[in-house]
Amino acid sequence: MNLLGLGKRSLFKVPSDDAFRMDLGALRDRVRADRENGDRPACVIATAGTTNTGSIDDLSAVADLCVAEGLWLHIDGCIGARIAIAPDHRHLVAGIERADSLAPDLHKGLQAQFDVGFALVRDRRKHRVAFAENVEYLQKISRSVAAGEFLHDYNLDTTRGFRALKIWMMLKEHGVAKFGRLIDQGIAQAQYLTGLIRRQPLLQQMAPTVIDIVSFRFNPGGMEEGALRALNIEIMLQLQEAGIAGVSDTTVKGHYCLRVAICNHRTRRADLDLAAEVV
Ligand SMILES: *Cc1c(COP(=O)(O)O)cnc(C)c1O
């Protein structure tokens, strides 16, 4: 929003429900309220896989609302767009194909080196007119080296690296099916870890496990939120410093928690057993 020059004042954060999904009633109310106030809602940003908990909005329902209201649908698929190629879990992102624009981030969970974040825009003409510049030193001509389309007419950079090459070669070398299986494997491992957490009364699950992200914390009971936070920060640091697990952290609905994002194809269930036991 800042890059567009609209500023954060133009961004309204739609509340989420208990499963950390966008509350569609709140979205509908907001669109109506904006119009009543003379504001012009333009775009809804849905999320396929939030950073904190991996929750996925009801993309089909959001798409229906956007069609009915004449709004652009952008889907942030940085975490979860890749799930569309995972046979056992692709239903979780049903509706993602209806986006007007979609941002996948293949250095997250597709085993790619960064940086290969990108955006897909459905309407080629709208995409082009947003970025194309007509300057005297970059004139198209029908023959020779300046013939053909200028890629810089589709984004901010004029000169840039060939980031797509590594993804292309990765997919050529291993095939889409293998990456799909690895994504399913990571999600199954997250479910396994969630089972360990549920069976251990000292561990508290902090959000539903939907994909390969698990939020939980050590909670022996009877401790204040601040003390729980300090204790769990120490647990995270010790896990990292001992080289046991690269666990990160976050805060969901005001509660501090540890965050496990399983995105390494070398992760084994034994690693998760160890991490849970050490916590
Ligand atoms: C990581 C992330 C981004 C930003 O991606 P970068 O590759 O770090 O620029 C955007 N949205 C979500 C949901 C993310 O997890």
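## Two domains

The domain assignment splits this protein into domain 1, covering residues 8-118, and domain 2, covering residues 176-278. Keep in mind as you look around that the model is predicted. Taken over C-alpha atoms, the centres of domain 1 and domain 2 sit 24 Å apart.

## Where the domains meet

How many residues of domain 1 are in contact with domain 2? There are 24, and they touch 24 residues of domain 2. Together, domain 1 and domain 2 bury about 1,900 Å² between them, and carbon and sulfur atoms give 62% of that area. Three residues are worth picking out on the domain 1 side: Phe20, Asn52 and Gln111 supply 29% of the area that domain 1 buries against domain 2, more than any other three residues.

Now for the polar side of the interface. Ten residue pairs are in polar contact across the boundary of domain 1 and domain 2, counting pairs with both residues at pLDDT 80 or more. By class, the face of domain 1 that touches domain 2 has ten nonpolar, eleven polar and three charged residues. One salt bridge is found across the interface of domain 1 and domain 2. If you would like a charged pair to display, the side chains of arginine 82 and aspartate 212 form a salt bridge, with 3.0 Å from N to O.

## Around the ligand

Next, the ligand. Which residues surround the ligand? They are Gly49, Thr51, Asp76, Cys78, Ile79, Asp105, His107 and Lys108. Sorted by class, this shell holds two nonpolar, three polar and three charged residues.

## Polar contacts to the ligand

Three side chains give you distances to check on screen. Aspartate 76 has a side-chain N or O atom 2.7 Å from a nitrogen atom of the ligand. Histidine 107 places a polar side-chain atom 2.7 Å from an oxygen atom of the ligand. For lysine 108, an N or O atom of the side chain is 2.8 Å from an oxygen atom of the ligand. As for cover, the ligand taken alone exposes 380 Å², and the protein buries 57% of that.

## In brief

To recap, domain 1 and domain 2 share an interface of about 1,900 Å² of buried area, with one salt bridge across it. The ligand has aspartate 76, histidine 107 and lysine 108 among its polar partners.

Definitions and conventions
Residues are numbered from 1 along each chain as its sequence is written. This is a predicted model: local features need pLDDT of at least 70, side-chain atom pairs count only at pLDDT 80 or more; totals for chains, interfaces and linings use all residues. Side-chain values use heavy atoms; hydrogens and water are left out. A residue is near a molecule or strand if one of its heavy atoms lies within 4 Å of it. A polar contact is a pair of N or O atoms within 3.5 Å; within protein, one must be able to donate a hydrogen and the other to accept it, and residues adjacent in sequence count only if both atoms are side-chain atoms. Accessible areas come from the Shrake-Rupley method with a 1.4 Å probe; for residues, only the protein chains shown count as cover. Ala, Val, Leu, Ile, Met, Phe, Trp, Tyr, Cys and Pro count as nonpolar, Asp, Glu, Lys and Arg as charged, and the others, Gly among them, as polar. Domain bounds come from an automatic or database domain assignment. Contact means heavy atoms within 4.5 Å. Buried area is the accessible area (1.4 Å probe) that two parts lose on being put together, summed over both. A salt bridge is a side-chain nitrogen of Lys or Arg within 4 Å of a carboxyl oxygen of Asp or Glu.
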